[in-house]
Amino acid sequence: MRWTQTFLPTLKEVPSDAEIVSHQLLLRAGLVRKLTGGLYTFLPMGLRALKKVEAIIRQEMDRAGGIEVLMPALQPPDIWQQSGRYESARDVLFKVKDSAQREWVLGPTHEEVITTLAAAEINSYRQLPKCFYQVQLKFRDEIRPRFGLMRAKEFIMKDAYSFDATDEGAMVSYKKMYDAYTRIFARCGLKAFPVEADTGVIGGNYSHEFMVPAETGENDVVYCEVSGYAANIEKATSRGALTPTPDVSTGAAPEKFATPGVVTIEALTAAPHQVPAASQVKTLVYVADSKTILVLLRGDDQLNEAKLLARTGAIQARPATPDECFSALGARPGSLGAAQNVPSTVSVYADEQLRNARGMTTGANDDGFHLRHVDVDRDIRVSQWADFRTVAAGELAVVSGQPLKIRRAIEVGHVFKLGTKYSEKLNSTFLAENGLRHPTVMGCYGIGVTRTLQAVIEQGNDKDGIIWPISVAPFEVCLTPLNVTPGAPTLVLAEKLYAELTAAGIEVILDDRDDRPGVKFKDSELVGFPLRLGIGEKSLAKGQVELKPRGGALMAVPVEEAVARVIEWVKTERASLQTVSD
(Lines give C-alpha, C1' and ligand atoms only; values in the text may rest on other atoms or scores of the structure.)
Protein backbone atom coordinates (compact mmCIF):
# COMPACT_ATOMS: atom_id res chain seq x y z
CA MET A 1 0.00 0.00 0.00
CA ARG A 2 1.25 3.49 -0.88
CA TRP A 3 0.48 6.31 1.52
CA THR A 4 -0.70 8.59 -1.27
CA GLN A 5 -3.17 5.97 -2.47
CA THR A 6 -4.95 5.49 0.82
CA PHE A 7 -6.70 7.89 3.22
CA LEU A 8 -4.81 8.62 6.42
CA PRO A 9 -5.76 12.05 7.81
CA THR A 10 -3.60 12.52 10.92
CA LEU A 11 -4.13 15.38 13.36
CA LYS A 12 -1.51 17.42 15.21
CA GLU A 13 -3.84 18.73 17.90
CA VAL A 14 -5.77 16.72 20.47
CA PRO A 15 -9.53 16.86 19.74
CA SER A 16 -11.30 18.77 22.49
CA ASP A 17 -14.04 16.18 22.98
CA ALA A 18 -11.67 13.20 23.38
CA GLU A 19 -11.33 12.52 27.11
CA ILE A 20 -8.91 9.58 27.29
CA VAL A 21 -5.66 8.89 25.48
CA SER A 22 -6.92 5.97 23.38
CA HIS A 23 -9.84 8.05 22.11
CA GLN A 24 -7.48 10.89 21.31
CA LEU A 25 -5.15 8.60 19.39
CA LEU A 26 -7.97 6.94 17.46
CA LEU A 27 -8.78 10.36 16.08
CA ARG A 28 -5.27 11.83 15.79
CA ALA A 29 -3.88 8.72 14.04
CA GLY A 30 -6.66 8.84 11.45
CA LEU A 31 -8.25 5.53 12.46
CA VAL A 32 -11.83 6.74 12.97
CA ARG A 33 -13.97 9.83 12.61
CA LYS A 34 -16.96 10.76 14.73
CA LEU A 35 -20.34 11.11 13.08
CA THR A 36 -22.14 12.05 16.30
CA GLY A 37 -22.09 10.93 19.92
CA GLY A 38 -21.51 7.16 20.05
CA LEU A 39 -21.27 6.67 16.27
CA TYR A 40 -17.96 6.38 14.39
CA THR A 41 -16.77 5.79 10.83
CA PHE A 42 -13.74 3.50 10.52
CA LEU A 43 -11.13 4.86 8.14
CA PRO A 44 -8.73 2.57 6.21
CA MET A 45 -6.05 2.16 8.92
CA GLY A 46 -8.61 1.66 11.66
CA LEU A 47 -10.50 -0.85 9.54
CA ARG A 48 -7.34 -2.84 8.81
CA ALA A 49 -6.58 -3.10 12.53
CA LEU A 50 -10.20 -4.00 13.30
CA LYS A 51 -10.21 -6.77 10.68
CA LYS A 52 -7.06 -8.22 12.24
CA VAL A 53 -8.74 -8.40 15.64
CA GLU A 54 -11.74 -10.07 14.01
CA ALA A 55 -9.47 -12.58 12.23
CA ILE A 56 -7.79 -13.58 15.51
CA ILE A 57 -11.20 -14.03 17.12
CA ARG A 58 -12.48 -16.17 14.26
CA GLN A 59 -9.38 -18.36 14.28
CA GLU A 60 -9.68 -19.05 18.01
CA MET A 61 -13.45 -19.55 17.88
CA ASP A 62 -13.00 -22.11 15.10
CA ARG A 63 -10.17 -23.75 17.04
CA ALA A 64 -12.50 -24.09 20.06
CA GLY A 65 -15.22 -25.74 17.96
CA GLY A 66 -17.37 -22.71 17.25
CA ILE A 67 -19.61 -22.62 14.17
CA GLU A 68 -19.96 -19.21 12.55
CA VAL A 69 -23.43 -17.91 11.70
CA LEU A 70 -24.88 -14.46 11.05
CA MET A 71 -28.14 -13.51 12.72
CA PRO A 72 -30.47 -10.57 12.01
CA ALA A 73 -29.77 -7.32 13.79
CA LEU A 74 -33.47 -6.45 13.44
CA GLN A 75 -35.48 -8.61 15.83
CA PRO A 76 -39.18 -9.06 16.62
CA PRO A 77 -40.09 -7.81 20.11
CA ASP A 78 -42.18 -10.90 20.94
CA ILE A 79 -39.10 -13.07 21.55
CA TRP A 80 -37.81 -10.43 23.96
CA GLN A 81 -41.18 -10.41 25.70
CA GLN A 82 -41.06 -14.20 25.89
CA SER A 83 -37.64 -14.16 27.54
CA GLY A 84 -38.68 -11.41 29.96
CA ARG A 85 -35.98 -9.02 28.82
CA TYR A 86 -38.25 -6.65 26.92
CA GLU A 87 -38.77 -4.91 30.28
CA SER A 88 -35.53 -5.69 32.11
CA ALA A 89 -33.36 -4.46 29.23
CA ARG A 90 -35.65 -1.65 28.11
CA ASP A 91 -33.15 1.07 29.07
CA VAL A 92 -30.70 -0.08 26.38
CA LEU A 93 -33.11 -1.27 23.68
CA PHE A 94 -33.39 0.66 20.44
CA LYS A 95 -36.93 0.24 19.11
CA VAL A 96 -38.02 1.14 15.58
CA LYS A 97 -41.26 0.95 13.63
CA ASP A 98 -41.78 -0.08 10.04
CA SER A 99 -44.19 1.48 7.53
CA ALA A 100 -47.02 -0.61 8.98
CA GLN A 101 -46.25 0.78 12.46
CA ARG A 102 -45.07 -2.62 13.67
CA GLU A 103 -42.37 -2.42 16.32
CA TRP A 104 -38.92 -4.02 16.02
CA VAL A 105 -35.87 -4.22 18.26
CA LEU A 106 -32.32 -3.46 17.13
CA GLY A 107 -30.36 -6.24 18.79
CA PRO A 108 -28.00 -5.35 21.65
CA THR A 109 -27.32 -9.10 21.92
CA HIS A 110 -28.72 -12.31 20.44
CA GLU A 111 -29.67 -14.83 23.16
CA GLU A 112 -33.32 -14.73 22.09
CA VAL A 113 -32.56 -15.17 18.40
CA ILE A 114 -30.13 -18.07 18.77
CA THR A 115 -32.36 -19.86 21.28
CA THR A 116 -35.31 -19.55 18.88
CA LEU A 117 -33.11 -21.09 16.17
CA ALA A 118 -32.04 -23.93 18.47
CA ALA A 119 -35.65 -24.58 19.48
CA ALA A 120 -36.55 -25.16 15.84
CA GLU A 121 -33.47 -27.08 14.72
CA ILE A 122 -32.02 -29.03 17.68
CA ASN A 123 -34.30 -31.88 18.71
CA SER A 124 -32.08 -34.75 19.84
CA TYR A 125 -29.16 -35.31 22.21
CA ARG A 126 -27.29 -36.62 19.15
CA GLN A 127 -27.13 -33.02 17.84
CA LEU A 128 -25.42 -31.77 21.02
CA PRO A 129 -23.15 -30.10 21.96
CA LYS A 130 -23.18 -27.14 19.59
CA CYS A 131 -21.59 -23.71 19.81
CA PHE A 132 -22.57 -20.95 17.38
CA TYR A 133 -20.86 -17.59 17.06
CA GLN A 134 -21.06 -14.43 14.99
CA VAL A 135 -19.21 -11.13 14.54
CA GLN A 136 -21.81 -8.46 14.08
CA LEU A 137 -23.01 -4.94 14.81
CA LYS A 138 -24.86 -4.38 18.06
CA PHE A 139 -26.99 -1.43 19.15
CA ARG A 140 -27.44 -0.08 22.67
CA ASP A 141 -29.18 3.11 23.67
CA GLU A 142 -26.35 4.59 25.72
CA ILE A 143 -27.62 7.72 27.42
CA ARG A 144 -24.08 9.08 27.76
CA PRO A 145 -21.87 7.62 25.03
CA ARG A 146 -18.28 8.43 25.89
CA PHE A 147 -14.64 7.46 25.53
CA GLY A 148 -14.90 6.81 21.80
CA LEU A 149 -15.47 3.12 21.04
CA MET A 150 -15.55 2.18 24.73
CA ARG A 151 -19.17 3.17 25.23
CA ALA A 152 -20.88 3.64 21.89
CA LYS A 153 -24.43 3.34 20.58
CA GLU A 154 -23.32 1.09 17.71
CA PHE A 155 -20.41 -1.33 18.06
CA ILE A 156 -19.08 -4.63 16.78
CA MET A 157 -19.29 -7.66 19.03
CA LYS A 158 -18.38 -11.29 18.80
CA ASP A 159 -21.10 -13.25 20.54
CA ALA A 160 -21.15 -17.03 20.92
CA TYR A 161 -23.77 -19.40 22.35
CA SER A 162 -23.29 -22.99 23.47
CA PHE A 163 -25.97 -25.67 23.81
CA ASP A 164 -25.38 -28.83 25.85
CA ALA A 165 -27.37 -31.77 27.13
CA THR A 166 -26.06 -31.62 30.70
CA ASP A 167 -24.71 -29.17 33.20
CA GLU A 168 -21.38 -31.00 33.13
CA GLY A 169 -21.26 -30.63 29.35
CA ALA A 170 -22.05 -26.93 29.67
CA MET A 171 -19.04 -26.49 31.95
CA VAL A 172 -16.84 -28.15 29.33
CA SER A 173 -18.12 -25.68 26.73
CA TYR A 174 -17.59 -22.81 29.16
CA LYS A 175 -13.97 -23.85 29.74
CA LYS A 176 -13.31 -24.06 26.00
CA MET A 177 -14.54 -20.51 25.52
CA TYR A 178 -12.69 -19.28 28.62
CA ASP A 179 -9.45 -20.73 27.24
CA ALA A 180 -10.17 -19.33 23.76
CA TYR A 181 -10.61 -15.85 25.26
CA THR A 182 -7.29 -16.16 27.05
CA ARG A 183 -5.61 -16.94 23.73
CA ILE A 184 -7.46 -14.21 21.83
CA PHE A 185 -6.42 -11.41 24.14
CA ALA A 186 -2.84 -12.70 24.35
CA ARG A 187 -2.60 -12.74 20.56
CA CYS A 188 -3.95 -9.18 20.45
CA GLY A 189 -1.06 -8.19 22.71
CA LEU A 190 -3.35 -7.38 25.63
CA LYS A 191 -2.50 -8.04 29.26
CA ALA A 192 -6.02 -9.18 30.12
CA PHE A 193 -7.00 -11.19 33.18
CA PRO A 194 -10.24 -12.96 34.16
CA VAL A 195 -12.29 -11.90 37.17
CA GLU A 196 -15.43 -13.27 38.80
CA ALA A 197 -18.38 -11.22 37.61
CA ASP A 198 -22.04 -10.46 38.15
CA THR A 199 -24.32 -11.90 35.47
CA GLY A 200 -26.50 -8.78 35.28
CA VAL A 201 -29.35 -8.55 32.78
CA ILE A 202 -27.93 -11.47 30.75
CA GLY A 203 -28.68 -13.85 33.60
CA GLY A 204 -27.24 -17.21 34.57
CA ASN A 205 -25.38 -18.21 37.67
CA TYR A 206 -21.70 -18.24 36.76
CA SER A 207 -19.58 -15.78 34.81
CA HIS A 208 -16.16 -14.23 34.31
CA GLU A 209 -15.14 -10.94 32.78
CA PHE A 210 -11.83 -10.41 31.02
CA MET A 211 -10.32 -7.13 32.15
CA VAL A 212 -7.51 -4.94 30.84
CA PRO A 213 -5.87 -2.85 33.58
CA ALA A 214 -6.25 0.86 32.78
CA GLU A 215 -6.67 3.94 34.96
CA THR A 216 -9.31 5.18 32.53
CA GLY A 217 -11.35 1.98 32.77
CA GLU A 218 -14.96 2.10 33.92
CA ASN A 219 -14.76 -1.03 36.08
CA ASP A 220 -13.30 -1.51 39.55
CA VAL A 221 -11.56 -4.86 40.03
CA VAL A 222 -10.90 -6.24 43.51
CA TYR A 223 -7.91 -8.55 43.72
CA CYS A 224 -5.53 -10.34 46.08
CA GLU A 225 -1.91 -10.61 44.99
CA VAL A 226 -1.26 -13.61 47.25
CA SER A 227 -4.13 -15.92 46.32
CA GLY A 228 -4.80 -14.66 42.79
CA TYR A 229 -8.44 -13.88 43.67
CA ALA A 230 -9.98 -11.28 41.36
CA ALA A 231 -13.56 -10.12 41.00
CA ASN A 232 -15.52 -7.21 39.64
CA ILE A 233 -16.56 -4.83 42.43
CA GLU A 234 -20.17 -5.89 41.72
CA LYS A 235 -19.30 -9.48 42.67
CA ALA A 236 -16.39 -9.17 45.10
CA THR A 237 -16.57 -10.44 48.66
CA SER A 238 -14.28 -10.14 51.67
CA ARG A 239 -14.09 -11.19 55.27
CA GLY A 240 -15.87 -7.95 56.12
CA ALA A 241 -15.08 -4.43 57.20
CA LEU A 242 -11.87 -3.85 59.12
CA THR A 243 -13.83 -2.26 62.00
CA PRO A 244 -15.69 -4.95 64.00
CA THR A 245 -19.47 -4.72 64.22
CA PRO A 246 -20.52 -3.79 67.78
CA ASP A 247 -21.67 -6.62 70.04
CA VAL A 248 -22.48 -4.90 73.32
CA SER A 249 -25.03 -5.38 76.07
CA THR A 250 -28.44 -3.84 75.39
CA GLY A 251 -31.47 -3.17 77.47
CA ALA A 252 -34.77 -5.00 77.30
CA ALA A 253 -35.94 -2.86 74.40
CA PRO A 254 -34.68 -0.12 72.09
CA GLU A 255 -34.75 3.42 73.48
CA LYS A 256 -36.19 6.26 71.44
CA PHE A 257 -34.36 9.61 71.49
CA ALA A 258 -34.75 12.94 69.73
CA THR A 259 -32.44 13.77 66.82
CA PRO A 260 -33.87 16.98 65.34
CA GLY A 261 -32.29 17.89 62.01
CA VAL A 262 -30.13 14.73 61.94
CA VAL A 263 -30.83 13.00 58.62
CA THR A 264 -27.47 11.51 57.61
CA ILE A 265 -25.03 8.92 58.94
CA GLU A 266 -22.37 11.63 59.22
CA ALA A 267 -24.62 13.97 61.23
CA LEU A 268 -25.32 11.24 63.79
CA THR A 269 -21.59 10.64 64.25
CA ALA A 270 -21.07 14.30 65.24
CA ALA A 271 -21.74 15.95 68.57
CA PRO A 272 -23.92 15.79 70.56
CA HIS A 273 -24.84 12.19 69.69
CA GLN A 274 -21.42 10.89 68.55
CA VAL A 275 -22.64 7.50 67.31
CA PRO A 276 -19.89 5.84 65.22
CA ALA A 277 -20.98 4.90 61.71
CA ALA A 278 -20.13 1.25 62.45
CA SER A 279 -22.72 1.37 65.26
CA GLN A 280 -25.50 2.60 63.00
CA VAL A 281 -27.97 0.62 60.89
CA LYS A 282 -28.48 2.29 57.53
CA THR A 283 -32.02 1.69 56.24
CA LEU A 284 -32.54 1.98 52.49
CA VAL A 285 -36.00 1.78 50.95
CA TYR A 286 -36.05 0.32 47.44
CA VAL A 287 -38.74 -0.52 44.92
CA ALA A 288 -37.85 -3.91 43.45
CA ASP A 289 -40.12 -5.05 40.60
CA SER A 290 -42.86 -2.75 41.96
CA LYS A 291 -42.55 -4.14 45.53
CA THR A 292 -41.26 -1.99 48.39
CA ILE A 293 -38.37 -3.58 50.29
CA LEU A 294 -35.93 -2.50 53.01
CA VAL A 295 -32.20 -3.06 52.72
CA LEU A 296 -30.16 -2.80 55.92
CA LEU A 297 -26.43 -2.08 55.99
CA ARG A 298 -23.94 -0.94 58.56
CA GLY A 299 -23.67 2.83 58.56
CA ASP A 300 -20.14 2.79 57.15
CA ASP A 301 -21.00 0.42 54.27
CA GLN A 302 -22.30 1.16 50.77
CA LEU A 303 -25.00 -0.84 48.97
CA ASN A 304 -23.95 -2.83 45.92
CA GLU A 305 -27.03 -2.71 43.68
CA ALA A 306 -25.82 -5.60 41.51
CA LYS A 307 -25.72 -7.80 44.60
CA LEU A 308 -29.17 -6.59 45.58
CA LEU A 309 -30.60 -7.70 42.23
CA ALA A 310 -28.78 -11.01 42.40
CA ARG A 311 -29.81 -11.82 45.99
CA THR A 312 -33.45 -10.74 45.66
CA GLY A 313 -33.98 -12.11 42.16
CA ALA A 314 -35.45 -8.76 41.12
CA ILE A 315 -35.22 -7.70 37.48
CA GLN A 316 -35.12 -4.02 38.37
CA ALA A 317 -34.64 -2.04 41.56
CA ARG A 318 -34.54 1.68 42.32
CA PRO A 319 -34.38 3.85 45.44
CA ALA A 320 -37.82 4.82 46.69
CA THR A 321 -38.83 8.47 46.55
CA PRO A 322 -39.30 10.39 49.83
CA ASP A 323 -43.07 10.14 49.35
CA GLU A 324 -42.83 6.38 48.81
CA CYS A 325 -40.71 6.07 51.95
CA PHE A 326 -43.29 8.00 53.96
CA SER A 327 -46.11 5.89 52.57
CA ALA A 328 -44.32 2.67 53.52
CA LEU A 329 -42.86 3.59 56.93
CA GLY A 330 -44.50 6.84 58.05
CA ALA A 331 -41.24 8.80 57.98
CA ARG A 332 -38.88 10.59 55.62
CA PRO A 333 -35.34 9.52 54.68
CA GLY A 334 -32.99 10.22 57.58
CA SER A 335 -35.31 8.81 60.23
CA LEU A 336 -36.03 5.40 58.70
CA GLY A 337 -35.51 2.08 60.43
CA ALA A 338 -36.66 -1.52 60.56
CA ALA A 339 -36.93 -2.05 64.31
CA GLN A 340 -40.53 -0.91 64.62
CA ASN A 341 -43.62 0.04 62.60
CA VAL A 342 -42.63 -2.01 59.53
CA PRO A 343 -45.63 -3.50 57.69
CA SER A 344 -45.57 -7.29 57.39
CA THR A 345 -45.89 -6.93 53.61
CA VAL A 346 -42.48 -5.23 53.39
CA SER A 347 -39.56 -7.65 53.10
CA VAL A 348 -36.39 -6.76 55.01
CA TYR A 349 -32.99 -7.71 53.56
CA ALA A 350 -30.01 -7.37 55.88
CA ASP A 351 -26.30 -7.46 55.15
CA GLU A 352 -24.26 -10.17 56.88
CA GLN A 353 -22.21 -7.49 58.64
CA LEU A 354 -25.25 -6.85 60.86
CA ARG A 355 -25.75 -10.45 61.94
CA ASN A 356 -25.54 -10.68 65.77
CA ALA A 357 -24.97 -6.90 65.99
CA ARG A 358 -26.07 -5.39 69.31
CA GLY A 359 -25.98 -1.89 70.71
CA MET A 360 -26.88 -0.39 67.33
CA THR A 361 -28.64 2.88 66.51
CA THR A 362 -31.18 3.28 63.73
CA GLY A 363 -34.10 5.47 62.62
CA ALA A 364 -37.33 5.25 64.59
CA ASN A 365 -39.69 5.70 61.61
CA ASP A 366 -40.67 8.98 63.24
CA ASP A 367 -39.22 12.15 61.73
CA GLY A 368 -36.61 13.65 64.08
CA PHE A 369 -36.16 10.51 66.20
CA HIS A 370 -33.82 7.49 66.36
CA LEU A 371 -33.61 4.29 68.37
CA ARG A 372 -30.56 3.15 70.34
CA HIS A 373 -29.69 -0.12 72.09
CA VAL A 374 -31.00 -2.05 69.09
CA ASP A 375 -30.25 -5.78 68.99
CA VAL A 376 -30.60 -6.65 65.30
CA ASP A 377 -31.44 -10.32 65.81
CA ARG A 378 -33.95 -9.53 68.54
CA ASP A 379 -35.55 -6.32 67.30
CA ILE A 380 -35.60 -6.60 63.52
CA ARG A 381 -37.61 -9.05 61.43
CA VAL A 382 -35.09 -10.02 58.73
CA SER A 383 -36.53 -11.77 55.67
CA GLN A 384 -33.14 -12.69 54.21
CA TRP A 385 -29.49 -12.35 55.19
CA ALA A 386 -26.96 -11.91 52.40
CA ASP A 387 -23.88 -9.99 51.27
CA PHE A 388 -25.17 -6.65 49.99
CA ARG A 389 -22.16 -4.42 50.65
CA THR A 390 -19.44 -3.05 48.39
CA VAL A 391 -15.96 -4.29 49.26
CA ALA A 392 -13.37 -1.64 50.16
CA ALA A 393 -9.61 -1.69 49.62
CA GLY A 394 -7.67 -3.06 52.58
CA GLU A 395 -10.34 -5.56 53.64
CA LEU A 396 -9.12 -9.12 53.94
CA ALA A 397 -9.55 -11.74 51.22
CA VAL A 398 -11.81 -14.63 52.14
CA VAL A 399 -9.29 -17.38 51.35
CA SER A 400 -5.85 -15.89 51.97
CA GLY A 401 -6.72 -13.39 54.68
CA GLN A 402 -4.48 -10.86 52.95
CA PRO A 403 -5.46 -7.25 52.17
CA LEU A 404 -7.46 -6.72 49.00
CA LYS A 405 -6.54 -4.09 46.44
CA ILE A 406 -8.72 -2.30 43.90
CA ARG A 407 -7.71 -1.11 40.44
CA ARG A 408 -9.48 0.29 37.42
CA ALA A 409 -9.89 -1.82 34.29
CA ILE A 410 -11.58 -2.06 30.90
CA GLU A 411 -13.93 -4.99 30.30
CA VAL A 412 -13.17 -6.53 26.90
CA GLY A 413 -14.91 -9.91 27.21
CA HIS A 414 -17.52 -11.73 29.28
CA VAL A 415 -18.39 -15.42 29.53
CA PHE A 416 -21.63 -16.66 31.12
CA LYS A 417 -22.98 -20.05 32.10
CA LEU A 418 -26.68 -19.39 31.46
CA GLY A 419 -28.16 -22.71 32.46
CA THR A 420 -31.73 -23.14 31.23
CA LYS A 421 -32.99 -19.57 31.69
CA TYR A 422 -33.52 -18.94 27.97
CA SER A 423 -34.08 -22.49 26.77
CA GLU A 424 -37.04 -22.95 29.14
CA LYS A 425 -38.68 -19.66 28.20
CA LEU A 426 -38.10 -20.06 24.46
CA ASN A 427 -38.76 -23.81 24.30
CA SER A 428 -35.30 -25.04 23.30
CA THR A 429 -35.58 -28.68 24.30
CA PHE A 430 -34.13 -31.98 23.12
CA LEU A 431 -35.08 -35.64 23.32
CA ALA A 432 -32.66 -37.39 25.67
CA GLU A 433 -31.38 -40.94 25.26
CA ASN A 434 -33.95 -42.13 27.83
CA GLY A 435 -36.80 -40.78 25.69
CA LEU A 436 -37.56 -37.80 27.93
CA ARG A 437 -37.46 -34.19 26.77
CA HIS A 438 -35.19 -31.72 28.57
CA PRO A 439 -34.23 -28.04 28.13
CA THR A 440 -30.82 -27.41 26.62
CA VAL A 441 -28.16 -26.06 28.98
CA MET A 442 -26.75 -22.86 27.56
CA GLY A 443 -23.75 -20.59 27.79
CA CYS A 444 -23.06 -17.25 26.13
CA TYR A 445 -19.77 -15.54 25.45
CA GLY A 446 -19.15 -11.98 24.26
CA ILE A 447 -16.16 -9.95 23.14
CA GLY A 448 -16.43 -6.25 22.37
CA VAL A 449 -14.41 -6.22 19.14
CA THR A 450 -14.28 -2.44 18.71
CA ARG A 451 -13.68 -2.00 22.44
CA THR A 452 -10.83 -4.52 22.29
CA LEU A 453 -9.21 -2.51 19.52
CA GLN A 454 -9.33 0.65 21.61
CA ALA A 455 -8.11 -1.23 24.70
CA VAL A 456 -5.00 -2.23 22.74
CA ILE A 457 -4.33 1.48 22.13
CA GLU A 458 -5.12 2.42 25.73
CA GLN A 459 -2.57 -0.12 26.94
CA GLY A 460 0.04 0.54 24.24
CA ASN A 461 1.01 4.17 23.71
CA ASP A 462 3.54 6.83 24.57
CA LYS A 463 3.88 10.59 24.11
CA ASP A 464 4.44 10.10 20.36
CA GLY A 465 1.42 7.93 19.59
CA ILE A 466 0.26 4.34 19.37
CA ILE A 467 2.50 1.33 20.02
CA TRP A 468 0.73 -1.52 18.21
CA PRO A 469 1.48 -5.20 18.79
CA ILE A 470 2.40 -6.52 15.37
CA SER A 471 -0.64 -8.84 15.31
CA VAL A 472 -3.14 -6.00 15.00
CA ALA A 473 -1.09 -3.15 13.53
CA PRO A 474 -2.57 -1.72 10.30
CA PHE A 475 0.77 -2.45 8.59
CA GLU A 476 3.83 -4.17 9.99
CA VAL A 477 6.44 -1.97 8.30
CA CYS A 478 6.48 1.67 7.23
CA LEU A 479 8.97 2.13 4.41
CA THR A 480 10.06 5.78 4.46
CA PRO A 481 12.22 7.21 1.66
CA LEU A 482 13.12 10.80 2.53
CA ASN A 483 13.45 11.93 -1.08
CA VAL A 484 10.63 10.81 -3.37
CA THR A 485 11.68 12.74 -6.45
CA PRO A 486 11.22 10.40 -9.45
CA GLY A 487 14.51 8.66 -10.15
CA ALA A 488 16.07 9.59 -6.80
CA PRO A 489 18.23 6.74 -5.40
CA THR A 490 16.21 6.71 -2.18
CA LEU A 491 12.94 6.18 -4.05
CA VAL A 492 14.43 3.61 -6.45
CA LEU A 493 15.69 1.55 -3.50
CA ALA A 494 12.39 2.00 -1.65
CA GLU A 495 10.47 0.61 -4.63
CA LYS A 496 12.83 -2.38 -4.80
CA LEU A 497 12.58 -3.14 -1.05
CA TYR A 498 8.82 -2.64 -1.15
CA ALA A 499 8.44 -5.25 -3.90
CA GLU A 500 10.73 -7.77 -2.17
CA LEU A 501 9.15 -7.41 1.27
CA THR A 502 5.61 -7.57 -0.11
CA ALA A 503 6.52 -10.72 -2.06
CA ALA A 504 7.85 -12.21 1.19
CA GLY A 505 4.46 -11.71 2.88
CA ILE A 506 5.40 -8.63 4.91
CA GLU A 507 2.69 -5.97 5.22
CA VAL A 508 4.33 -2.74 4.07
CA ILE A 509 3.06 0.79 3.64
CA LEU A 510 5.31 2.93 1.44
CA ASP A 511 5.31 6.56 2.57
CA ASP A 512 5.66 8.12 -0.88
CA ARG A 513 4.49 11.56 0.21
CA ASP A 514 6.58 14.53 -0.88
CA ASP A 515 6.84 15.90 2.63
CA ARG A 516 9.49 16.85 5.20
CA PRO A 517 11.28 13.97 6.96
CA GLY A 518 10.09 15.21 10.36
CA VAL A 519 6.46 15.05 9.24
CA LYS A 520 6.88 11.51 7.92
CA PHE A 521 8.65 10.31 11.07
CA LYS A 522 6.06 11.89 13.37
CA ASP A 523 3.17 10.37 11.43
CA SER A 524 4.82 6.95 11.48
CA GLU A 525 5.20 7.20 15.27
CA LEU A 526 1.68 8.55 15.72
CA VAL A 527 -0.02 5.79 13.71
CA GLY A 528 2.27 3.32 15.44
CA PHE A 529 3.65 1.08 12.68
CA PRO A 530 5.78 -1.53 14.50
CA LEU A 531 8.88 -1.08 12.34
CA ARG A 532 10.08 1.86 10.28
CA LEU A 533 12.58 1.34 7.47
CA GLY A 534 14.07 4.73 6.68
CA ILE A 535 16.07 5.50 3.53
CA GLY A 536 17.92 8.80 3.58
CA GLU A 537 20.53 10.13 1.20
CA LYS A 538 23.23 10.39 3.90
CA SER A 539 22.80 6.83 5.16
CA LEU A 540 22.47 5.49 1.64
CA ALA A 541 25.80 7.10 0.74
CA LYS A 542 27.29 4.84 3.42
CA GLY A 543 25.53 1.81 1.95
CA GLN A 544 23.06 1.71 4.83
CA VAL A 545 19.40 2.08 5.67
CA GLU A 546 17.90 2.69 9.11
CA LEU A 547 15.60 0.33 11.01
CA LYS A 548 13.64 1.68 13.97
CA PRO A 549 11.22 -0.48 15.95
CA ARG A 550 8.36 1.59 17.40
CA GLY A 551 9.57 2.72 20.80
CA GLY A 552 13.02 1.20 20.19
CA ALA A 553 16.48 2.36 19.17
CA LEU A 554 17.58 3.28 15.67
CA MET A 555 19.72 0.64 13.93
CA ALA A 556 21.95 1.18 10.87
CA VAL A 557 21.78 -1.85 8.56
CA PRO A 558 23.68 -2.58 5.31
CA VAL A 559 21.42 -2.22 2.28
CA GLU A 560 22.03 -5.78 1.17
CA GLU A 561 20.88 -7.09 4.58
CA ALA A 562 17.79 -4.91 4.90
CA VAL A 563 15.19 -7.33 3.53
CA ALA A 564 16.49 -10.28 5.55
CA ARG A 565 16.68 -8.23 8.75
CA VAL A 566 13.15 -6.92 8.34
CA ILE A 567 11.77 -10.39 7.62
CA GLU A 568 13.59 -11.81 10.64
CA TRP A 569 12.32 -9.03 12.92
CA VAL A 570 8.73 -9.35 11.76
CA LYS A 571 8.68 -13.14 12.06
CA THR A 572 10.14 -12.94 15.57
CA GLU A 573 7.48 -10.45 16.64
CA ARG A 574 4.70 -12.55 15.13
CA ALA A 575 5.99 -15.70 16.82
CA SER A 576 6.26 -14.04 20.22
CA LEU A 577 2.53 -13.31 20.33
CA GLN A 578 1.60 -16.70 18.93
CA THR A 579 3.75 -18.41 21.58
CA VAL A 580 2.12 -16.42 24.37
CA SER A 581 -1.30 -17.70 23.31
CA ASP A 582 -0.40 -21.40 22.97
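Q: In this predicted model, where Ala, Val, Leu, Ile, Met, Phe, Trp, Tyr, Cys and Pro count as nonpolar, Asp, Glu, Lys and Arg as charged, and the others, Gly among them, as polar, how do the residues lining the second largest cavity divide?
A: The lining of the second largest cavity is formed by Phe521, Arg532, Gly534, Glu546, Leu547, Lys548 and Leu554. Under the classes given, Phe521, Leu547 and Leu554 count as nonpolar, Arg532, Glu546 and Lys548 as charged, and Gly534 as polar. The division is therefore three nonpolar, one polar and three charged.

Q: Which element gives the largest share of the lining of the second largest cavity?
A: The cavity in question holds about 30 Å³ of space. Two elements give two or more residues to its lining, namely strand 29 (531–535) and strand 30 (544–549). The largest share, three residues, comes from strand 30.

Q: How many cavities of 30 Å³ or more does the structure hold, and how much space lies in the largest cavity?
A: Counting cavities of 30 Å³ or more, the structure holds two. The space in the largest cavity amounts to about 80 Å³.

Q: How do the residues lining the largest cavity divide into nonpolar, polar and charged?
A: The largest cavity is lined by Ile20, Phe147, Met150, Thr216, Gly217, Glu218, Asn219, Ile410, Glu411 and Arg451. These lining residues divide into four nonpolar, three polar and three charged.

Q: What distance separates the centres of domain 2 and domain 3?
A: The chain is divided into domain 1 (18–191 + 417–458), domain 2 (255–386) and domain 3 (475–576). Taken over C-alpha atoms, the centres of domain 2 and domain 3 are separated by 68 Å.

Key: Residues are numbered from 1 along each chain as its sequence is written. This is a predicted model: local features need pLDDT of at least 70, side-chain atom pairs count only at pLDDT 80 or more; totals for chains, interfaces and linings use all residues. Side-chain values use heavy atoms; hydrogens and water are left out. On a 1 Å grid over the protein atoms alone, a cavity is a set of points where a 1.4 Å probe fits but cannot get out, and a pocket is an open set with protein on both sides within 12 Å along at least five of seven lines; lining residues have an atom within 4 Å of a point. Grid points are joined across faces, edges and corners, and a volume is the space filled by probe spheres set on the points. Helices (H or I, at least four residues) and strands (E, at least two) are DSSP runs, numbered from the N terminus. Domain bounds come from an automatic or database domain assignment.
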